[in-house]
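Work through the exercises below with the model open beside you. Try each task before you read its solution.

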2 protein chains.
Amino acid sequence: AGAAFDETDHMGTVMKLCSDRHYIAHDHHTPKRIRRGISCVYGPLGMELRKNILDQWWSSMVTTRPQVFGINTLHGFRGGSVALERTLKLIDTEALHQALRQGEMTGKSKGDALQKLLQGSVSMRTSLLQGALEQYIASLELVNRKLPFGLAETGLCYQLPEDQPGELDCSPSEVMQASLVWFCSPRTSSQWLDYWARQRLQWWRKFALGPSSFSCSDVTVGEEGENVKRGIKVLYQFPWGSEALETLWNLGNTELLQIHMGSQAKLQCRDGKRSVVPHVISVSGNIDRGVQAYLHNSLQEVKKVDNRQRQHMRKVLKLHPSLTPVKVAVNMGKGATSDLRQVCESLLQELLDGGISSWPGHLESTSPSSEQLKYDEMGVLFTVVISDSTLESGLVQLRSRDTTIKETMHISEVKNFLAKYIAAAENV
Amino acid sequence: AGAAFDETDHMGTVMKLCSDRHYIAHDHHTPKRIRRGISCVYGPLGMELRKNILDQWWSSMVTTRPQVFGINTLHGFRGGSVALERTLKLIDTEALHQALRQGEMTGKSKGDALQKLLQGSVSMRTSLLQGALEQYIASLELVNRKLPFGLAETGLCYQLPEDQPGELDCSPSEVMQASLVWFCSPRTSSQWLDYWARQRLQWWRKFALGPSSFSCSDVTVGEEGENVKRGIKVLYQFPWGSEALETLWNLGNTELLQIHMGSQAKLQCRDGKRSVVPHVISVSGNIDRGVQAYLHNSLQEVKKVDNRQRQHMRKVLKLHPSLTPVKVAVNMGKGATSDLRQVCESLLQELLDGGISSWPGHLESTSPSSEQLKYDEMGVLFTVVISDSTLESGLVQLRSRDTTIKETMHISEVKNFLAKYIAAAENV
């Protein structure tokens, strides 16, 4: 048995596996969504994977950092001045029809009534930056006006359609974003940009099977000279090309002054003994694309020859132990007695109550060996097999996804073993 | 010192405390939002409180139940047939302007082009029910077509404005919902409705300081006879009246058949030896209103006489240990040395790394006694005070929010003590 890997087939294999194994709900729009890095309808396993990624992001960026505070802003905002800009508006259909009728009645052009409605409606956010900048002044009290500090948020944002109106796929789309907005001294903002880029690349690689597919790349916008804005992208090398998982910008203080209408005094922070308007580093990740990156990165296809000398491709989804949606499947041999079924149920409940996500494999009716192929495709970390002898000896078999080695263990030790294994994998 | 409680003032006190203590960002729309039970802009503490409620909901309804699966559906959906119904549409302003121009050019009424645009646009979801019903067929494989099972989701939903278009506050609003859609045998659906109502009431009361403010109430819609639909609401008694935190409905199979266009064969599940189209129990909670309920329920005002015989009202936010956003504040006496500051920093980091949310109180400049008043208003469970003697003896003072008793403890024991305290409170 050796490892085989074909770039061109890989995408198709990942897609089929995601749909077969309840990562992503099947839909003909899905391949396009995946390339664009936007939200799909997730099945139970995809939902759990995205949740685990978000939890790890939060724990690394917020929970363990005393200078970072989480916030929750609204998805829709009233943007006053920029009525002419292209945005996604949330519009009550009844209000729209009423505006059109009003336009007809008063004899004015419909444009006027409509313009008023549009100005009064809510625009949907396209990033989490603005919400954080708006909360800046309120959060100064939290930190005694001392730099640096950050405001973090995870949540859904909306993207304008890529195509022009009238073309085929002109639907707006949803993206789960994770954002840190970091306020720091103008003297050190450029070092902070590098610091966060290093941190973020390291974080993405920590959970990867093939870390070399993750990389960083510098970007700049604006003309040479004063207006140039520096940024860094964290990229993942998909079969169809590199895509940005995360984008970091050194924004200076322009946006902050704009949103707070230039009231310098209220914006000032302490930078050592001086008072300054901070510079803003924006760190913004696309978690839906992160889900895809880890799915592509983790799928291993291994050639295997069975008892009858036939070749198979064994597919194993080697997601990181912290990210994989199902940590353990509880299984039993065929034709098991009701006593055995009870042992399975109570082990399953013990694991679930201990916060270890577990699969009720014992409820399934196919043979254990075909079950195992399925669990490998699901990325299940361990399979516990309970058999007749368990009733007498209390011993179960524990099979590892990554080593395929089977260990014998007392049933009372399973929960602790798994809890320790997962915790250890997280702290590597 | 005795407990005082004034219903009419209570609301104002809660509101002020929420704004002062970074639960809810200050905004003149906030009081109305709170009464309507919709999302506010949350500060760091409110964000954490809502997250803790959502996590507890998820753990009680999904993680620990093998028959419940989590899903993630899109916020916007294409609703084909109901173009005339009042909905919230997500509209690209450029497409809207283009539709209006097209109407002008072709000479047809603008209504036609607009109608086409509206039909093609995405409607924003108002509940999580439809998404779960759509995933029903795909999830049958997960459970071998065996009843009962459930699909759970938490996420933002949108509400149509309460007022008519043109009136003052006609903005649509956002609500964080938590939903379980439970598929069960028609024979037992009525028992399941009662089961889930009991479970939910018990859950809300588990985290309450005053459990009697939470109650259940039966509701029905439809005429007597065939079409009557039975439901149960879980209510909280706010100062201004009772509001529903959670609504449970026994929906029968009407909606399920509707969404899947009556394809009975595909919908059938095993109920013992028979094949049936399941009945649907919908359990849907408003988590933003839950945040408000717990804030109102947890605030205690206690009369206190200080050293100079002046009366004060001490406000303590006695949120449940599992829900309270900040578990511990690390503080030190005034004029502390840099050695002491280092001890504080390293204890803080130890607690944060252990997943115990902690407040860097040692960075604040006011006196320890006024800090304590603030921590009580924030709902901080414990305050650790590190003083000069800590450097020699390793001993710190640990003050409990609920008992106000101060204990002396070795600094190396603080983390374990807190972890055990919080875990114990969760398992009561």
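A salt bridge here is a side-chain nitrogen of Lys or Arg within 4 Å of a carboxyl oxygen of Asp or Glu. Keep in mind that the model is predicted.

**Exercise 1. A salt bridge inside chain A**

Task: Decide whether the side chains of A:R50 and A:D288 form a salt bridge, and state which parts of the chain they join.

Solution.
- Step 1. Take the N to O distance between the side chains of A:R50 and A:D288, which is 2.9 Å.
- Step 2. Apply the cut-off: the rule asks for a nitrogen and a carboxyl oxygen within 4 Å. A:R50 and A:D288 meet in a salt bridge.
- Step 3. Place the partners. A:R50 sits in helix α3 (residues 44–63) of chain A, and A:D288 in helix α11 (residues 287–298) of chain A, so the pair ties together parts that are 238 residues apart in sequence.
- Step 4. Check the surroundings: A:R50 and A:D288 are both buried.

**Exercise 2. A salt bridge inside chain B**

Task: Locate B:E243 and B:R289, and classify each as buried or exposed.

Solution.
- Step 1. Confirm the pair. The side chains of B:E243 and B:R289 meet in a salt bridge at 3.3 Å, N to O.
- Step 2. Place the partners. B:E243 is in strand β10 (residues 241–252) of chain B, while B:R289 is in helix α11 of chain B. They are 46 residues apart, and the pair links distant parts of the chain.
- Step 3. Use the cut-off for buried, under 20% relative accessible area. B:E243 has 18% relative accessibility, so B:E243 counts as buried. B:R289 has a relative accessible area of 10%, so B:R289 is buried too.

**Exercise 3. A salt bridge between chains**

Task: Describe the pair A:E94 and B:R86 by distance, place and accessibility.

Solution.
- Step 1. Distance: the closest N and O atoms of A:E94 and B:R86 are 3.8 Å apart, and the two residues form a salt bridge.
- Step 2. Place: this pair crosses between chains. A:E94 belongs to helix α4 (residues 93–106) of chain A, and B:R86 to the loop between β3 (76–77) and β4 of chain B.
- Step 3. Accessibility: A:E94 counts as partly exposed because its relative accessibility is 28%. B:R86, at 21%, also counts as partly exposed.
- Step 4. Look for a network. A:R86, B:D92 and B:E94 are linked by salt bridges.
- Step 5. Count. The rule finds 4 salt bridges across the interface of chain B and chain A. The structure holds 30 over all chains.

**Exercise 4. The interface**

Task: Describe the interface of chain B and chain A by its area, its residues and its elements.

Solution.
- Step 1. Area: about 6100 Å² is buried between chain B and chain A, and carbon and sulfur atoms give 60% of this.
- Step 2. Main contributors: B:N72, B:L74 and B:L90 supply 10% of the area that chain B buries against chain A, more than any other three residues.
- Step 3. Residues: the contact takes 71 residues from chain B and 71 residues from chain A.
- Step 4. Polar pairs: 17 residue pairs are in polar contact across the interface.
- Step 5. Elements: those of chain B giving two or more residues to the side that touches chain A include α3 (44–63), β4 (88–92), α5 (110–120) and α12 (338–353). The largest share, 7 residues, comes from α4(B).
- Step 6. Composition: the side of chain B that touches chain A divides into 33 nonpolar, 21 polar and 17 charged residues.

**Exercise 5. Buried residues and the core**

Task: Find which residues touch the most other members of the largest nonpolar core, then examine B:Q292.

Solution.
- Step 1. The largest nonpolar core has 174 residues, of which A:F183, A:Y294, B:F183 and B:Y294 touch the most other members.
- Step 2. Leave out residues up to four places away in sequence. B:F183 then touches residues including B:A132, B:Y136, B:F149 and B:L256.
- Step 3. Turn to B:Q292, in helix α11 (residues 287–298) of chain B. B:Q292 counts as buried because its relative accessibility is 3%.
- Step 4. Leaving aside neighbours within four places in sequence, B:Q292 is in contact with B:I24, B:I34 and B:F238.

How values were computed
Residues are numbered from 1 along each chain as its sequence is written. Chains are lettered from A and ligands numbered from 1 in the order in which they are written. This is a predicted model: local features need pLDDT of at least 70, side-chain atom pairs count only at pLDDT 80 or more; totals for chains, interfaces and linings use all residues. Side-chain values use heavy atoms; hydrogens and water are left out. A nonpolar core is a set of buried Ala, Val, Leu, Ile, Met, Phe, Trp, Tyr and Cys residues joined through side-chain atoms within 4.5 Å. Buried means under 20% relative accessible area, exposed over 50%, partly exposed in between (1.4 Å probe, protein chains only). Contact means heavy atoms within 4.5 Å. Helices (H or I, at least four residues) and strands (E, at least two) are DSSP runs, numbered from the N terminus. Buried area is the accessible area (1.4 Å probe) that two parts lose on being put together, summed over both. A polar contact is a pair of N or O atoms within 3.5 Å; within protein, one must be able to donate a hydrogen and the other to accept it, and residues adjacent in sequence count only if both atoms are side-chain atoms. Ala, Val, Leu, Ile, Met, Phe, Trp, Tyr, Cys and Pro count as nonpolar, Asp, Glu, Lys and Arg as charged, and the others, Gly among them, as polar.
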